[in-house]
Amino acid sequence: MTCSQCNTNFCYRCGERYRQLRFFGDHTSNLSIFGCKYRYLPERPHLRRLVRGSVCAGKLFIAPLIMVLGLALGAIAVVIGLFVFPIYCLCKKQRKRSRTGMHW
């Protein structure tokens with residue numbers, strides 16, 4: 001629903017404002033900490049908070065690890081590239097010379 005005075009979107013079931021957060025999920029997501037309380041386990045609020053909190057904590061714990069792993073793999077690729085690319089260019093140049101018949 002949308003408020004006619006301020007144009008804010010909110011849930012017609014619980015009255016909370018919609019939040020559009022990609023990483024944590026939005027109001028319509030079952031496992032988002034910002035999800036509607038009537039959408040996932042409405043009769044068991046403690047279990048709902050435990051599950052949603054666990055999912056959020058898992059995301060917060062795993063995201064930095066994935067970023068560090070990506071940065072480490074990227075750094076390794078750059079270092080390997082710095083050593084391999086000149087060798088590749090030299091070999092390519094040597095192969096080109098040997099095909100044209102020009103021996104030094």
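What follows is a conversation about a predicted model of a protein chain.

Reader: Where does R48 sit, and is it buried or exposed?
Author: In this predicted model, R48 lies in helix α1, which covers residues 45–100, and R48 is buried.

Reader: Which side chain of opposite charge is nearest to R48?
Author: That side chain is E43, which is 7.3 Å away, and R48 has no salt bridge. A salt bridge would need a side-chain nitrogen of Lys or Arg within 4 Å of a carboxyl oxygen of Asp or Glu.

Reader: What is R48 in contact with, then?
Author: If we leave aside its neighbours within four places in sequence, R48 is in contact with K37, Y40, L41 and P42.

Reader: You mentioned L41; where is that one, and what is its phi?
Author: L41 is found in the loop between β2, at 25–26, and α1, and the phi of L41 is near 45°, which is a positive value in a residue other than glycine. L41 is also partly exposed, with a relative accessible area of 22%.

Reader: Okay, and what about the phi of N7?
Author: N7 has a positive phi of about 60°, although N7 is not a glycine. This residue lies in the segment before β1, which is at 20–21.

Reader: Is N7 buried or exposed?
Author: N7 is exposed, because its relative accessible area is 58% and the cut-off for being exposed is over 50%.

Reader: Changing topic, what does UniProt say about residues 61–90?
Author: The UniProt record, which is an unreviewed entry, places the feature "transmembrane region" at residues 61–90.

Reader: How much helix and strand does the chain have over residues 61–90?
Author: Over residues 61–90 the chain is 100% helix and 0% strand, and the C-alpha atoms at the two ends are 45 Å apart.

Reader: Which residues form the nonpolar patch on the surface?
Author: The patch is formed by L69, L73, I76, V78, V79, I80, L82, F83, V84, F85 and Y88, and together these residues have about 1,200 Å² of accessible area.

Reader: Can we take one of them, and where is I76 found?
Author: I76 is found in helix α1, and this residue is partly exposed, with a relative accessible area of 48%. I76 can belong to a patch because patches are made of residues with over 30% relative accessible area and no salt bridge.

Reader: Back to the loop before α1, what is L31 in contact with?
Author: L31 is found in the loop between β2 and α1, and, leaving aside neighbours within four places in sequence, L31 is in contact with Y40, V51, R52 and V55. The relative accessible area of L31 is 37%, so L31 counts as partly exposed.

Reader: And how far apart are L31 and S54?
Author: L31 and S54 are 23 residues apart in sequence, and their C-alpha atoms are 9.3 Å apart in space. S54 is found in helix α1 and is partly exposed, with a relative accessible area of 45%.

Reader: How far is S54 from N9?
Author: S54 and N9 are 45 residues apart in sequence, and the distance from C-alpha to C-alpha is 27 Å.

Reader: Last one, what is K59 in contact with?
Author: Setting aside neighbours within four places in sequence, K59 is in contact with F23 and F24. K59 is found in helix α1 and is partly exposed, with a relative accessible area of 31%. K59 and P86 are 27 residues apart in sequence and 41 Å apart in space, C-alpha to C-alpha.

Definitions and conventions:
Residues numbered from 1 in each chain as written. Predicted model: local features only at pLDDT ≥ 70, side-chain atom pairs only at ≥ 80, totals over all residues. Heavy atoms only, no water. Helix = DSSP H or I, 4+ residues; strand = E, 2+ residues; numbered from the N terminus. Buried < 20%, exposed > 50% of the residue type's maximum accessible area, 1.4 Å probe, protein only. Lys, Arg positive; Asp, Glu negative; His and termini not counted. Contact = heavy atoms within 4.5 Å. Patch = residues over 30% accessible without salt bridge, like charges linked within 9 Å, V, L, I, M, F, W, Y side chains within 5 Å. Areas by Shrake-Rupley, 256 points an atom, 1.4 Å probe, with all protein chains shown as cover. UniProt positions renumbered as here; feature names shortened; annotations may be inferred.
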